[in-house]
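Student: Before we look at the structure, could we agree to ask of each descriptive term what value stands behind it?
Tutor: Yes, and we will set each value against its cut-off before drawing a conclusion.

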Amino acid sequence: MTRRRFYAPPEKFTPDQKSVALNPDETKHLRNVLRLETGDEVYVFDGAGREFRGEIDSLKRDATNIRITREVTPAAAESPLKLTMAVALLKGEKFDLVIQKLTELGVNCVVPIMTKRADVRIRNDDDADRKLIRWRRIVMEATKQCGRARLMTITSPITFAEFVASSRAEGERLMFAERDGAQFRTVAANRVAADKVTALVGSEGGWTDDELEQARQAGWQIVTFGGRIVRAETAAITCAALLQHRFGDLI
């Protein structure tokens with residue numbers, strides 16, 4: 001039977017972890033979509049890697065209390081690869097799709113990157129905050145669907161220059177480009193193992209010469225797929241899948 005999964009942050013659990021409260025949005029889904037009632041079995045994950053089985057103890061219009069019966073193994077294990085995907089901002093639903101699929105593929109963190117040829121511009125802090133709220137909602141829904149118990153982190157947008165020169169990029173640093181790089185198969189073959197990888201993926205317009213040079217000077221390895229040119233959203237999803245296959249748990 002498919003688990004009926006809900007999300008509640010750690011602070012919504014009682015100190016003894018005997019019960020947990022669901023917020024109005026999760027309650028609405030439980031009541032109006034799944035049509036669950038008092039006594040029905042549900043699963044709740046805390047976004048930090050833990051999942052619990054429980055029963056609906058009380059159900060109100062905008063709140064639900066779950067009595068926890070025991071902690072369980074999450075439906076999907078976390079990848080041993082700590083993968084950060086730094087992805088150039090894309091228009092509307094394209095970036096939403098990337099966020100959803102990277103969550104499903106077990107990515108640890110996504111960093112939205114503002115590049116010279118990015119399809120989207122962040123107008124101000126309020127604009128960035130609105131986008132973050134939507135993206136984090138997509139992460140939560142995708143996490144419920146795919147079985148993970150840990151929420152993928154998504155940061156505030158940052159400029160390309162700030163990111164490549166910062167300490168945010170951990171482990172192997174790979175910049176995927178349509179030109180001027182080593183073949184991915186060669187790069188992957190030369191690395192026996194990696195537990196941390198940061199991958200940079202550009203926009204529809206690709207990288208400028210200046211951006212490629214900045215990355216090289218900062219120690220990034222430029223990588224190409226060879227063969228066909230793919231859309232930016234396809235590139236981001238494909239990169240994550242290939243890296244999880246080579247260094248993670250996607251077999």
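The dialogue below goes through a few terms applied to this predicted model.

Student: Why is R5 called buried?
Tutor: Buried means under 20% relative accessible area, and R5, which lies in strand 1, has a relative accessible area of 7%, so R5 is called buried.

Student: What makes the approaches of the R5 side chain to the backbone oxygens of T143 and K144 polar contacts?
Tutor: A polar contact requires a pair of N or O atoms within 3.5 Å, one able to donate a hydrogen and the other to accept it. The side chain of R5 reaches the backbone oxygen of T143 at 2.8 Å and that of K144 at 3.0 Å, so both distances fall within the 3.5 Å limit. T143 and K144 are themselves among the buried residues of helix 3, and the contacts of R5 beyond its sequence neighbours also include Y43, F45, E51 and G147; the last of these comes just after helix 3 and takes a positive phi of about 100°.

Student: How do you know that the span of helix 3 is close to the expected one?
Tutor: Helix 3, residues 125-146, has 22 residues and reaches 31 Å from its first C-alpha to its last, against the 32 Å expected at 1.5 Å a residue. At its start, a side-chain oxygen of N124 comes to within 3.1 Å of the backbone nitrogen of D126, which means that this pair, too, lies within the 3.5 Å limit for a polar contact.

Student: What puts the buried residues of helix 1 on the same side?
Tutor: The buried residues there are E26, T27 and L30. They cover an arc of only 100° around the axis, and therefore lie on the same side of helix 1. In general, an α-helix has 3.6 residues a turn, so residues three or four places apart point the same way. The face turned away from the buried side of helix 1 carries the exposed residues K28 and V33, while the cover over the buried residues includes strand 1, strand 2 and helix 3.

Student: Why are helix 2 and helix 7 called roughly parallel?
Tutor: Angles under 35 degrees count as roughly parallel, and helix 2 and helix 7 pack at an angle of about 10°, with their axes 9 Å apart, so the two helices are roughly parallel to each other. Among the residues that meet there are L97 and V98 in helix 2 and A236 and I237 in helix 7.

Conventions
Residues are numbered from 1 along each chain as its sequence is written. This is a predicted model: local features need pLDDT of at least 70, side-chain atom pairs count only at pLDDT 80 or more; totals for chains, interfaces and linings use all residues. Side-chain values use heavy atoms; hydrogens and water are left out. Helices (H or I, at least four residues) and strands (E, at least two) are DSSP runs, numbered from the N terminus. The expected span of a helix is 1.5 Å times one less than its number of residues. Buried means under 20% relative accessible area, exposed over 50%, partly exposed in between (1.4 Å probe, protein chains only). The arc is that of the directions from the helix axis to the C-beta atoms. Contact means heavy atoms within 4.5 Å. Axes are lines fitted to C-alpha atoms, for helices over the stretch in contact, and angles run from 0 to 180 degrees between N-to-C directions. Angles under 35 degrees count as roughly parallel, over 145 as roughly antiparallel, 65 to 115 as roughly perpendicular and the rest as oblique.
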